[in-house]
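Q: Hi! I have just opened this one and would love a friendly tour. Where should we begin?

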Amino acid sequence: MARSTGPERRRKGRLRLPQTIRVRPSEPHGSEFDEILPTLNTARDSVYFASKNEFYTVGMRLFITYPYSEGHGSLNREYLGKVVRIDDLGHDRRGIAVEILMPIYLGGKETQR
């Protein structure tokens with residue numbers, strides 16, 4: 001899907017430095033997955049990544065752990081997000097744009113994995 005070359009509509013700038021994220025659906029609906037992927041770009045309120053997973057749909061709610069690390073003592077922040085756009089990147093890859101809706105806290109503390 002080609003993007004228009006008109007004026008930039010984003011309110012915030014994008015960081016094009018890849019960061020590792022963990023993505024999984026927030027609602028069980030038959031397509032369970034848990035992916036650890038690099039981002040293509042990020043902003044304060046959104047992430048964009050490529051996946052070969054065909055289960056993403058516009059409007060789907062996701063748990064996004066951003067940034068994600070498996071290192072001992074890592075503070076992995078978890079957020080609730082919503083898929084707002086899906087682009088065809090070719091070679092069976094899809095670009096997934098996710099709006100970050102809110103952080104997720106359990107028991108008054110940030111989620112730690």
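**The barrel and its strands**

A: Let's begin with the overall fold: 6 strands form a closed barrel in the order β1-β2-β3-β6-β5-β4, with antiparallel pairing. Averaged over this sheet and ignoring direction, neighbouring strands are turned by 45 degrees against each other. Keep in mind that this is a predicted model.

Q: Good to know. How many bridges pair β5 with β6?
A: There are 10 bridges between β5 and strand β6, which covers residues 93–103, and the pairing is antiparallel. One pair to look for is Val-83, which sits opposite Val-98 in β6.

Q: And what does His-91 do in the hairpin of β5 and β6?
A: His-91 takes a positive phi, near 55 degrees. That hairpin has 2 residues between the strands.

Q: OK, other side now. How many bridges join β4 to β5?
A: For that pair it is 5 bridges, linking strand β4 (residues 61–65) with strand β5 (residues 78–90), and they run antiparallel. Ile-64 has Tyr-79 in β5 as its bridge partner, while Leu-62 stands opposite Gly-81 in β5.

Q: What about β1 and β4, how many bridges there?
A: Strand β1, residues 20–25, is joined to β4 by 4 bridges, again running antiparallel. Here Arg-22 faces Thr-65 in β4.

Q: We haven't talked about β2 and β3 yet. In which sense do they pair?
A: They pair in the antiparallel sense, over 4 bridges. Strand β2 spans residues 35–43 and strand β3 spans residues 46–51.

Q: Which residue in β3 is the bridge partner of Thr-39?
A: That would be Phe-49.

Q: Changing topic: I clicked on Asp-87. Which strand does it lie in?
A: Asp-87 belongs to strand β5.

Q: Is Asp-87 buried or exposed?
A: Asp-87 is buried, because its relative accessibility is 4% and the cut-off for buried is under 20%.

Q: Which side chain does Asp-87 touch at 2.7 Å?
A: At that distance, the Asp-87 side chain makes a polar contact with the side chain of Tyr-48.

Q: And what about the contact of 3.1 Å?
A: That polar contact joins the side chains of Asp-87 and Arg-85.

Q: Nice. Can you remind me where β5 sits in the barrel order?
A: Sure! In the barrel order, β5 comes between β6 and β4. It pairs with β6 over 10 bridges and is joined to β4 by 5.

Terms used
Residues numbered from 1 in each chain as written. Predicted model: local features only at pLDDT ≥ 70, side-chain atom pairs only at ≥ 80, totals over all residues. Heavy atoms only, no water. Pairing = 2+ DSSP bridges. Axes fitted to C-alpha atoms, helices over the stretch in contact; angles between N-to-C directions. Buried < 20%, exposed > 50% of the residue type's maximum accessible area, 1.4 Å probe, protein only. Polar contact = N/O pair within 3.5 Å; in protein donor to acceptor, adjacent residues only side chain to side chain.
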